[in-house]
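Me: Please take a close look at the aromatic side chains of this protein and at what surrounds them. I would like a connected account that I can follow with the structure open, going on from the rings to the pocket and the core.

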Amino acid sequence: MQRAILFFIIGTTASFVANYYFFGSQEWKLDLYYSIAFGLGWGLSYFVDHPEWPLFKKLGISFLGIALLVGVGLLLFDFVLAVPAIIKFSTVFVAYYLIASFKASKSLRQ
C-alpha cells in the first residue's frame with residue numbers, strides 16, 4: 001500500500017511539473033486534476049498488481065478509480081474537460097501492464 005501511494009505521489013508530481021512548466025498550462029487546477037489522474041493510474045495499477053487476485057477484482061478497483069475521476073471532474077469542470085483525465089488514467093493503466101507483460105512473472109511487484 002505504501003508503494004502504491006508513493007507511485008501516486010511521484011506520478012502526480014512529475015505529471016504536474018511536466019504539464020505546468022513544459023507543455024503549456026491551461027489552468028493550474030486543470031493541470032493538477034490531469035496530474036492526479038496520471039498519478040492515480042500508476043498508483044492503482046501497482047496496487048492491483050497481485051497475480052493471485054481475480055480479474056474482476058482488479059477491474060472493479062480500476063472502475064472505482066474511473067468513477068472517482070468522473071465524479072470529481074463533473075463537480076469541478078464539465079464533461080468535456082473530464083474525459084482527458086479518464087484517457088490519461090486508462091493509458092497509464094494499460095502501459096503499466098504492458099511493461100509488466102515483458103517479465104516472466106507478469107507483475108512488476110516481484
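Reply: A good place to begin is Trp-53, where Lys-57 lies over the face of the ring, at 4.1 Å from the ring centre. The model is a predicted one, and the distances, angles and accessibilities that follow are computed from it. With a relative accessibility of 19%, Trp-53 counts as buried, because the cut-off for that class is under 20%.

Across the model there are eleven aromatic pairs. Trp-53 takes part in one of them with Phe-47, an edge-to-face pair in which the centres are 5.7 Å apart and the planes stand at 75 degrees to each other. The arrangement is called edge-to-face because the angle between the planes is over 60 degrees. Phe-47, in contrast to its buried partner, is partly exposed, because its relative accessible area is 25% and that class begins where buried ends, at 20%. Elsewhere, ring pairs join Phe-38, Trp-42, Phe-89, Phe-93, Tyr-96 and Tyr-97 into a cluster.

Phe-89 leads from that cluster into the largest nonpolar core, where Phe-89 is listed with Tyr-33, Leu-44 and Leu-69 as having the most contacts, in a set of 15 residues. Three helices, α2, α3 and α4 (79–100), each give two or more residues to this core, and the largest share, six residues, comes from α2.

Tyr-33 and Leu-69, both named among the best-connected core residues, also appear in the lining of the largest pocket, together with Phe-8, Lys-29, Leu-32, Ile-36, Leu-40, Leu-68, Val-72, Leu-76 and Phe-77. The elements that give two or more residues to that lining are α2 (28–47) and α3 (55–76), and α2 again has the largest share, here five residues. The volume of this pocket is about 150 Å³. In character, the lining divides into ten nonpolar residues, no polar residue and one charged residue, the charged one being Lys-29.

Val-72, one of the lining residues, is placed in helix α3 and is partly exposed, with a relative accessible area of 30%. Although Val-72 and Tyr-33 are 39 residues apart along the chain, their C-alpha atoms are separated by 8.7 Å, and both residues line the largest pocket. Phe-8, also in that lining, can be set against Ile-86, a residue of helix α4: these two are 78 residues apart in sequence and, C-alpha to C-alpha, 15 Å apart in space. Ile-86 has a relative accessibility of 18% and therefore counts as buried, the cut-off again being under 20%.

Two further residues help to place the ends of α2. Asp-31 sits in helix α2 and is buried, with a relative accessible area of 3%, while the C-alpha atoms of Asp-31 and Ala-18, which are 13 residues apart along the chain, are separated by 9.5 Å. Pro-51, by comparison, is found in the loop between α2 and α3, and at 45% relative accessibility it counts as partly exposed, because a residue is called exposed if the figure is over 50%. From Pro-51 to Arg-109 the chain runs 58 residues, yet the C-alpha atoms of the two are separated by 9.4 Å.

Technical notes
Residues are numbered from 1 along each chain as its sequence is written. This is a predicted model: local features need pLDDT of at least 70, side-chain atom pairs count only at pLDDT 80 or more; totals for chains, interfaces and linings use all residues. Side-chain values use heavy atoms; hydrogens and water are left out. Rings of Phe, Tyr and Trp (its six-membered ring) pair if their centres lie within 6.5 Å; planes under 30 degrees apart count as stacked, over 60 as edge-to-face and the rest as tilted. Buried means under 20% relative accessible area, exposed over 50%, partly exposed in between (1.4 Å probe, protein chains only). A charge sits over a ring if NZ of Lys or CZ of Arg is within 6 Å of the ring centre and within 35 degrees of the ring normal. On a 1 Å grid over the protein atoms alone, a cavity is a set of points where a 1.4 Å probe fits but cannot get out, and a pocket is an open set with protein on both sides within 12 Å along at least five of seven lines; lining residues have an atom within 4 Å of a point. Grid points are joined across faces, edges and corners, and a volume is the space filled by probe spheres set on the points. Helices (H or I, at least four residues) and strands (E, at least two) are DSSP runs, numbered from the N terminus. A nonpolar core is a set of buried Ala, Val, Leu, Ile, Met, Phe, Trp, Tyr and Cys residues joined through side-chain atoms within 4.5 Å.
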